[in-house]
Amino acid sequence: NLYTTREPALIQPLIDAFTKASGGIKVNTVFIKDGLLERVRAEGARSPADVLMTVDIGNLVDLVDGGVTQAIESPVLASVLAANLRDPAGHWFVLSLRDRVLYAAKDLPLTRFTYEELADPAWKGKVCIRAGQHPYNTALVAAKIANDGVEETERWLRGVKANLARKAAGGDRDVARDILGGICDIGIANSYYFGQMKNAAPGSDNRKWGDGIKAIRPTFAKSGGTHVNVSGAVVARHAPNKANAVKLLEYLVSEPAQALYARGNYEYPIRANVPQDPVMAELAPLRIDTLPLAEIARFRKQASQLVDKTGFDD
């Protein structure tokens, strides 16, 4: 029994493939848009949930801190996932990656970029981004804190705010829309939206937005790595089908499943040998920021506080 915050259409091909590969293990999927932790807590020991799947490292950590997960030992998961892509205590496991990239107007002579450059006065009035309090952005701010400390991150955040072309709002695809519309020149968004837009139907708005931009993988100046967030899963504390839950997680990091993540969702596979969608493969190779995700997650609260302190979303 899978409780997931991910849209059913995104994961159903993976579920169907698992059922076939496992010899018939059926997966009952329950889509929970909001309140996953609260739902499982309320169900308590009677919960039928075996696997909890969500996006954002912060949400995974919240499930652990909320007491609704259990540690598992899996040689398969331990061998496939690098140490920074799994919980040291064995509670959460990363299934796919999504990096926070730069969207830029197609005619800009940019091939490299750092996150720090978002605060460069040269970009005043030229930056678009969604709300700073959105989990994707608080995770980025938390990563900046982990790299450079709170004071430096506050200065950087104030610099980025000063460069905004419009209020920090909307979604990641709106960044591409507004670049094409001439409202801004650059912005930050998740990489997989670029794949979605570039592969959208010709003539559709999404395709026009995708064709009007290019995507560049920025890096932190200090680490030289790109910030990634994740989709991941945990085994529920009271899982009635624990053995099958572990089998599902092990399948989701297999080469066939990772290929489905890459081709169907335009996410970055956790296996280096799995081919990406052709559009995504055109981006520069992904060099992941080496800070452990668990370390970045520790600074989420401070990141949220900085967003409010700087009035970033005002």
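Lys-309 is an exposed residue, with a relative accessible area of 55%. In this predicted model, the side chain of Lys-309 meets that of Glu-154 in a salt bridge, 3.1 Å from N to O. The pair ties together distant parts of the chain: Lys-309 belongs to helix α14 (residues 300-309), Glu-154 to helix α6 (residues 150-162), and 155 residues separate them. Glu-154, at 15% relative accessibility, counts as buried, so the bridge joins an exposed lysine to a buried glutamate.

**More salt bridges**

The count of salt bridges comes to 19. Here are three of them, with the closest N to O distance for each.

| Pair | N to O distance |
|---|---|
| Arg-39 and Glu-43 | 2.8 Å |
| Lys-309 and Glu-154 | 3.1 Å |
| Asp-178 and Arg-166 | 2.5 Å |

Take Arg-39 and Glu-43. Both sit in helix α2 (residues 36-43), and because they are four residues apart there, about one helical turn separates them. Arg-39 is partly exposed, with a relative accessible area of 35%, while Glu-43 counts as buried at 15%.

Now for Asp-178 and Arg-166. Asp-178 lies in helix α7 (residues 172-180) and Arg-166 in the loop between α6 and α7; the two are 12 residues apart, and the pair links distant parts of the chain. Asp-178 is buried, with a relative accessible area of 4%. This bridge doesn't stand alone: Arg-166, Asp-174, Arg-177 and Asp-178 are linked in a network of salt bridges.

**Rings**

On the aromatic side, the count comes to five pairs. One of them is Phe-18 with Tyr-251, a tilted pair with 5.8 Å from centre to centre and 50° between the planes. Phe-18 comes from helix α1 (residues 8-21) and Tyr-251 from helix α10 (residues 242-252), so this pair links parts of the chain that are distant, 233 residues apart. Both Phe-18 and Tyr-251 are buried.

Tyr-103 and Phe-194 make another pair. Their ring centres are 6.4 Å apart and their planes are at 50°, so this pair is tilted too. The cut-off for pairing is 6.5 Å between centres. Here a strand meets a helix: Tyr-103 is in strand β5 (residues 92-105), Phe-194 is in helix α8 (residues 191-198), and the two are 91 residues apart. Tyr-103 and Phe-194 are both buried.

A ring can also have a charge over it. The charged end of Arg-298 sits over the ring of Phe-299, 5.0 Å from the ring centre.

**Pockets**

What is the volume of the largest pocket? About 710 Å³. Its lining has 27 residues, and those closest to the pocket centre are Thr-5, Arg-6, Lys-33, Val-55 and Tyr-136. Several elements give two or more residues to that lining: α2, β3 (51-55), α3 (57-65), α5 (135-148) and α8. Sorted by class, the lining has 10 nonpolar, seven polar and 10 charged residues.

Some of these elements have come up already. Helix α2 holds the Arg-39 and Glu-43 pair, and helix α8 holds Phe-194.

The second largest pocket has about 270 Å³ of space. Of its 17 lining residues, Thr-111, Arg-112, Ile-216, Arg-217 and Ala-284 are the closest to its centre. By class, that lining has seven nonpolar, five polar and five charged residues.

**Backbone oddities**

Most residues other than glycine have a negative phi. Asp-56 goes the other way, with a positive phi of about 85° although it is not a glycine. Asp-56 is found in the loop between β3 and α3, and both of those elements help line the largest pocket. With a relative accessible area of 5%, Asp-56 is buried.

Tyr-266 has a positive phi as well, near 60°, and is likewise not a glycine. Tyr-266 lies in the loop between α11 (255-265) and α12. Tyr-266 is buried, with a relative accessible area of 15%.

Is Pro-278 buried or exposed? Pro-278 is exposed, with a relative accessible area of 60%. Its place is in helix α12 (residues 278-281). Pro-278 and Arg-263 are 15 residues apart in sequence, and their C-alpha atoms are 8.7 Å apart in space.

Conventions: Residues numbered from 1 in each chain as written. Predicted model: local features only at pLDDT ≥ 70, side-chain atom pairs only at ≥ 80, totals over all residues. Heavy atoms only, no water. Phe/Tyr/Trp six-rings, centres within 6.5 Å; stacked < 30°, edge-to-face > 60°. Buried < 20%, exposed > 50% of the residue type's maximum accessible area, 1.4 Å probe, protein only. Lys NZ or Arg CZ within 6 Å of the ring centre and 35° of its normal. Salt bridge = Lys/Arg side-chain N within 4 Å of Asp/Glu carboxyl O. 1 Å grid on protein atoms, 1.4 Å probe; cavity = no way out; pocket = protein on both sides within 12 Å on 5 of 7 lines; lining within 4 Å. Points joined across faces, edges and corners; volume = space filled by probe spheres on them. Nonpolar A, V, L, I, M, F, W, Y, C, P; charged D, E, K, R; others polar.
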